[in-house]
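Here are a few exercises to work through with the model open beside you. Try each task before reading its solution.

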Amino acid sequence: MPIKQFSRTSFQYIEKGQGEPVVLVHGTLGDFRSWELQMDEFAKSFRTISYSRRYHYPNPCRGDETDYSAILHAADLSALIDELGLESAHVVGNSYGAYTGLFLALRHPERVRSLVLSEPPVFSLIEQNEEGCKLRDEFLAYVWQPAGDLMQQGRTEEGVKAFVDGVVSDGAYNSFPPEVQKLITDNACEFKAETSSPDFWTPFTCEDAKKINKPILLLNGEKSFRVFQLIARELQRCLPNSKYIRIPESTHELPADKPEVYNRTVLEFLAENAE
């Protein structure tokens, strides 16, 4: 599949298949290659587009882009859908890509046909929950801040590893095959930008969620950390038209952990909501 480029920007993307459009939105330390296990299967039924978000490989990045936010990426996604000559698309997001999808549906609802959200890290949703607040504070203190400090010190591999192990599982980074580790380190520059942005944890409330009246599939990994379980359940409570499914034997890396189950679950939902 050839890599294509927005005519008005420098964002890279690939596409395959025909039918209703599905846009795949990757998470932190990812890019358009993150959906390799989905592209062929999804393309059997849909026009499937995978793009690299702003600052992610191979797009330009210096590492000091402090405007990184879910709102910015949602605006970019809206521009991509317009650039492709589409009125709207089904949006499938993982982690921060799911965070992006939420803001697309909130701020640009006309662009969204349906949403698939896998564990968006919307910590603002669990601030009023005593357990959630504690878990959020622990994550920020023991994972996010140390990883960011390492990135600022130029200890890139250590910073990336600290984050990956902190959101997936202890030892996860070292267990990944070389090609996955390379994909991750290719995106180290954007991770430095993330950890230096004051707006990375873009506030999103239950009241915001109640305004989104699109068909939504919420996916949660059976082995994901407790904080992601709480966020998923709170989203289910707040989103008026959502369906919740837990993927067995999966961590925060849902599309990669059990791709057959993930693909079947998502494609069934998309088929149910196809026009």
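**Exercise 1: a residue in strand β6**

With 0% relative accessibility, V116 is classed as buried. Bear in mind that this is a predicted model.

Task: find where V116 sits and which residues it touches, leaving out those up to four places away in sequence.

Solution. Start with the secondary structure: V116 belongs to strand β6, residues 112-118. Then apply the cut-off, since buried means under 20% relative accessible area; at 0%, V116 therefore qualifies. Next, list the contacts: V91, V92, G93, L217, L219, V266, F269 and L270. For a distance check, take E87, which is 29 residues from V116 along the chain; their C-alpha atoms are 18 Å apart.

**Exercise 2: two residues to classify**

Task: decide whether N94 is buried or exposed, and do the same for E222, buried or partly exposed.

Solution. Take N94 first, a residue of strand β5 (residues 89-94). Its relative accessible area is 7%, so N94 is buried. Beyond four places in sequence, N94 is in contact with V25, H26, G27, W35, S118, H252, L254 and P255.

Now move to E222, in the loop that links β7 (216-221) and α10 (226-238). Here the relative accessible area is 38%, so E222 counts as partly exposed. With residues up to four places away set aside, E222 touches Q229, R246, I247, P248, E249 and S250. The C-alpha atoms of E222 and V180 are 22 Å apart, and 42 residues separate the two along the chain.

**Exercise 3: one face of a helix**

Task: explain why the buried residues of α1 line one face of the helix.

Solution. Begin by picking out the buried residues of α1 (residues 36-43), which are Q38, M39, F42 and A43. Looking down the axis of α1, these buried residues fall within an arc of 110°, and therefore they line one face of the helix. Then ask what covers them: the cover includes β2, β3 (21-25), β4, α11 (254-257) and α12 (259-272).

Two of those covering strands deserve a further step. Strand β2 (residues 12-16) has four of its five residues buried. β2 runs antiparallel to β4 (residues 47-51), and four bridges join them. One of the pairings puts E15 opposite I49 of β4 as its bridge partner.

**Exercise 4: the nonpolar cores**

Task: identify which residues have the most contacts inside the largest nonpolar core.

Solution. The largest core has 64 residues, and the ones with the most contacts inside it are L77, V160, F163 and F204. Follow L77 outward: apart from neighbours within four places in sequence, L77 is in contact with V23, V25, Y51, V91, T100 and L104. Another core, of 19 residues, lies apart from the largest one; M39, V92, L219 and L270 are among its members.

**Exercise 5: the largest pocket**

Task: work out which element gives the most residues to the lining of the largest pocket.

Solution. First, the volume: the largest pocket has about 820 Å³. Second, the lining: of its 37 residues, S34, V180, L183, E253 and A256 are the closest to the centre. Third, the elements: α1, α4 (130-152), α5 (156-167), α7 (178-186) and α11 each give two or more residues to the lining. Finally, the answer: α7 gives the most, with five residues.

Note on methods
Residues numbered from 1 in each chain as written. Predicted model: local features only at pLDDT ≥ 70, side-chain atom pairs only at ≥ 80, totals over all residues. Heavy atoms only, no water. Buried < 20%, exposed > 50% of the residue type's maximum accessible area, 1.4 Å probe, protein only. Pairing = 2+ DSSP bridges. Arc of directions from axis to C-beta. Contact = heavy atoms within 4.5 Å. Core = buried A, V, L, I, M, F, W, Y, C linked by side-chain atoms within 4.5 Å. 1 Å grid on protein atoms, 1.4 Å probe; cavity = no way out; pocket = protein on both sides within 12 Å on 5 of 7 lines; lining within 4 Å. Points joined across faces, edges and corners; volume = space filled by probe spheres on them.
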